[in-house]
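Dear colleague,

I am handing over the structure below, and after it you will find my notes on what I found in it. Please read them with the coordinates open beside you.

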Amino acid sequence: MIYNLYIFDRHCQCIFYTEWNRNRTTAGSRAQTDSSSLHEATAPYVWPTAAVAGMPTDARDLAMPDETKLVYGVVFSLRNMVSKLSHTKESDGFLSYRTNTYKLHYFETASGLKFVMLSDPTVPSLRDVLKQIYYHIYIEYVVKNALLPHDPKLSYPISNDYFRAVLNNYIKGLPCYQS
Amino acid sequence: MSHVYYFTIVGTNDVPLYEAEFGMQIKDTSLSAKEETRYLNQFIAHAALDIIDEAVWNTTDLYLKTLDKYNELNVSCYVTPSNTRFILLHENKADDNIKTFLAECHEFYIKILCNPFYTVNTPIVSPTFEQRVKSLARRFLL
Amino acid sequence: MAKQYKTLGEDIWKNRVETINAELFIFTYGSIVAQLVKDFEDYEQVNKQLEKMGYNIGVRLIEDFLSRSGWGRCTDFKETMEVISKIGFKMFLNIAPTVTNWSTDSKVCSLILDENPLNDFVELPLDTQHKLWYSNILCGVLRGALEMVQMQIEANFISCVLQGDDISEIRVQFIRHLQEELPNADD
């Protein structure tokens, strides 16, 4: 089961967040296994561009900005620690880590984008899924959209409806989406 | 034997874009005489424009053959689909060489049009074009 | 190693790139440059504008490059330049400039463009002698693309066949590695 996706840009900012199958309150910490009570909105909650839609923010333990900072801090530190420990220079960061309630998948591009996805612990590696999102959804609908601003010195939250829709369809089509 | 040629390209608004003379040095009697032929050539070419305008409707060919005659000078013409006119004044009879010369000039003219810095219907100042036309003239006319 | 880049570049060019009509591309670029020349009436300015436009292209293009090539990080600047030439230029322009004239500290090198599709049909106006770098957009693309992978560089044309030079040469200078940004301290 896939819980949510964070995308961070080069400036450590979360430029996109969305979630699926999620009715708990913080990132992965209290995942419920009972899928019957799942919050099934057709358009999933996204952040930061459409913070009003979907789940009310007071249903969370952490406000969204704090949550994203926390997640960024975790993957950033973990990535640095992992590459310090690795023997070869060419470290690809880490692939995922797992707790008894969730699994965090990580993919970082050479241009400094970080994709983080949370799923339940039984899901196999989602690294390829994250790559697909980068190659075929992020690049196609965000980078190649010439009308979206793209100044590398600034952060731009992804506000593109196509991106959201395509991403949503892609994730819902995955075999591990709700298993 | 050598002949004298006068070649000009006339833009769609009847303004000359390019002029060249080939084989002129043979008749280099005096400067004023040379000047005079020059003006006369321009005059003949200009007079031919009306005839060309009528002749283009009689054929689908770009090459219109010899259309006019002034004294011993024949006026041959080649009109591009965009109505740029290549006019050649020559003393000898029009033959395949003249046709090829004009058609090749058309090719080079297209290359000129492809240059982003060239504006349509402005004089052609490119030295490369000048060179190419000169060498064409040597090959086919002189 | 160099052979491997070349094969990969050719493979991508053949199988993973959509192509467009060359004339359409050449005329589009040509009319942009000609219009800039008309608008600014100053070749220095035109060079600058082209570089800026290139930069904006580069910062996007690098993502496309990374995705199509599947290339990860390069270990040093030398490898980067080889990859740019054999894979990058090949992928987007179907040319592979020669990387040469390395400085002793391996920070400055030259890209020799044996051919340059942008140049086709172009004859510069006579008064541009060594002032207008017609393909200056390429310099911007290099700077933009490399900035996104944490390398600050500077690229400049030092000769161009359109100016009557024997070769077209872009001098590329490595300035520094950009540091990854750290999260704010208050976390």
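Of the 142 residues in chain B, 27% are buried, a value that, like everything else in this message, was computed from a predicted model. If one takes the contacts in chain B between residues at least 6 apart in sequence, 51% of them join residues at least 24 apart. Chain B holds three helices and five strands, and these elements follow one another from the N terminus in the order β-β-α-β-β-β-α-α. Its radius of gyration is 14 Å, close to the 14 Å that the globule rule gives for 142 residues, so chain B is as compact as a globular protein of that length. The C-alpha trace of chain B spans about 40 × 35 × 25 Å along its principal axes.

Turning to chain C, you will find there an open sheet of four strands in the order β1-β2-β4-β3, with antiparallel pairing. The edge strands of this sheet are β1 (98–100) and β3 (151–159) of chain C, each of which pairs on one side only, and from one strand to the next the twist averages 25°. As general background, the strands of a sheet pair through backbone hydrogen bonds, in either a parallel or an antiparallel sense. In the case of β1(C), the partner is strand β2 (residues 108–113) of chain C, and the two pair in the antiparallel sense over three bridges; within this part of the sheet, C:T100 stands opposite C:S110, which belongs to β2(C).

Two helices of chain C deserve a look together with the sheet. Helix α4 (residues 77–93) of chain C packs on the sheet and touches β1, β2, β3 and β4 (168–177) of chain C, while its direction makes about 160° with that of β1(C). Helix α5 (residues 137–148) of chain C also packs on the sheet, where it touches β3 and β4 of chain C, and its direction makes about 170° with that of β3(C).

Finally, there is the contact between chain A and chain C, to which chain A gives 18 residues and chain C gives 17 residues. On the side of chain A that touches chain C, the elements that give two or more residues are α1 (64–85) and α2 (127–143) of chain A. Sorted by class, that side of chain A has nine nonpolar, six polar and three charged residues.

With best regards

How values were computed
Residues numbered from 1 in each chain as written. Chains lettered and ligands numbered in written order. Predicted model: local features only at pLDDT ≥ 70, side-chain atom pairs only at ≥ 80, totals over all residues. Contact = placed C-beta atoms within 7 Å. Nonpolar A, V, L, I, M, F, W, Y, C, P; charged D, E, K, R; others polar. Pairing = 2+ DSSP bridges. Axes fitted to C-alpha atoms, helices over the stretch in contact; angles between N-to-C directions. Rg over C-alpha atoms; globule rule 2.2 N^0.38 Å. Buried ≥ 20, exposed ≤ 12 C-beta atoms within 10 Å, placed from the backbone.
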